[in-house]
Amino acid sequence: MDIRKILCIFFALSLVMLNMENSKIALADTDGNSCDVGIAVVGNYSYWNDLKNLNASTQIGDSIYKAFKPGSAKKWKIGFRSYDAMVDVNTFKGKSLGGSDHLYADNVDLLIYAGHGLTPGAHGANDYSLALCYNKKKYRAKQSEMYLGNKDLEWFITFTCNFCKGSMSQLGHMAKGLHALCGFSTGVILTSDMGTVLSAKLKKGVSVKEAFFATAKETQPWRDKGNPRIANVFTTKSCANDRIWGYGNVASDPKPYSSDPTKYVKYAYKIS
């Protein structure tokens, strides 16, 4: 065979191998063609005798839906929309543990939760958890059963108390390619305008981190002297400036926290 043909074949094979290798990394670069929001909000806690109902949860969910329904935001549509008893443990639970996150929480790009949050030892919880209410019973979606970002999810925004209170390793347990987890390490009052304020900032091209911090600042109607409220964003240094798809740059998918914990950071914004 002519030496030039051999060199051409070798060069072509090299390009194929390079493309195959590149396809294993930076998965976020191939997301964004179809962008989905997942909405999981709980306001009816009828079967929790120690938790009050939250009217704002439904209003937050409705606002997010209005902002991201087809035709309302570039590229975006609603992946799923679950309220109250429709939100179950399997919405967030890893597929490897028998959950359905591959159909819900990890099958969207942006996930919003609004409802009560639980700390270990409170309300029967043994882990940082999301309080759910369905089948006329109390349920808890545990952080230790969440593996987020290993399919699709980039950003998980929680309007709830204490979900970001845990250690770096506790939060990092959930990060399997997740770009950012937004929440509070203190209590927070849910307000009806949280979804509207957040959506408007995201669609103006404000970074996910700064949009969440600004929402926390603008929607809290009070100040608690000596006990400030703290909003947090758990992310990587490379993902900290992410905009949502269609509104600016998005970093490549980060390695799981367990593979490279030094790349992760928990930003804090004190509301005082």
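**Exercise 1. The chain as a whole**

How many helices and strands are there in the protein chain? Then describe how its residues are covered and how its contacts are spread.

*Solution.* Keep in mind that this is a predicted model.

- Step 1: counting elements gives five helices and ten strands.
- Step 2: turn to burial. The chain has 272 residues, and 51% of them count as buried.
- Step 3: look at the surface, where about 12,900 Å² is exposed and carbon and sulfur atoms supply 53% of that area.
- Step 4: take the contacts between residues at least 6 apart in sequence; 73% of these join residues at least 24 apart.

**Exercise 2. A sheet of three strands**

Work out the order of the strands in the open sheet that contains S5, and find which strands stand at its edges.

*Solution.*

- Step 1: start with the pairing of S4 and S5, which is antiparallel and runs over two bridges. One residue pair to locate here is Gly-117 with its bridge partner Leu-130 in S5.
- Step 2: go on to S5 (residues 129–134) and S6, which pair in the antiparallel sense over six bridges. Among the residue pairs, Ser-129 is matched with Lys-142 of S6, and Cys-133 with Lys-138 of S6.
- Step 3: put the pairings together. The order is S4-S5-S6, in an open sheet with antiparallel pairing.
- Step 4: S4 (117–118) and S6 each have a single partner strand, so they stand at the edges and one side of each lacks a neighbour in the sheet.
- Step 5: finish with the hairpin of S5 and S6. Two residues lie between the strands, and Asn-135 takes a positive phi near 55 degrees.

**Exercise 3. The two faces of S5**

Sort the residues of S5 by the way they point, and decide whether they are buried or exposed.

*Solution.*

- Step 1: Ser-129, Ala-131 and Cys-133 point one way from the strand.
- Step 2: Leu-130, Leu-132 and Tyr-134 point the other way.
- Step 3: check the cover on both faces. Six of the six residues of S5 are buried.

**Exercise 4. Tyr-139 and its surroundings**

Place Tyr-139 in its strand, classify its exposure and list its contacts beyond four places in sequence.

*Solution.*

- Step 1: Tyr-139 belongs to strand S6, which covers residues 137–142.
- Step 2: its relative accessible area is 21%. Buried requires under 20% and exposed over 50%, so Tyr-139 is partly exposed.
- Step 3: beyond its neighbours within four places, Tyr-139 touches Leu-130, Ala-131, Leu-132 and Tyr-134, along with Trp-48 and Val-89.
- Step 4: for a link across the sequence, try Asp-88. This residue is 51 residues away along the chain, yet its C-alpha atom is 7.7 Å from that of Tyr-139.

Notes: Residues numbered from 1 in each chain as written. Predicted model: local features only at pLDDT ≥ 70, side-chain atom pairs only at ≥ 80, totals over all residues. Heavy atoms only, no water. Buried < 20%, exposed > 50% of the residue type's maximum accessible area, 1.4 Å probe, protein only. Contact = heavy atoms within 4.5 Å. Areas by Shrake-Rupley, 256 points an atom, 1.4 Å probe, with all protein chains shown as cover. Pairing = 2+ DSSP bridges.
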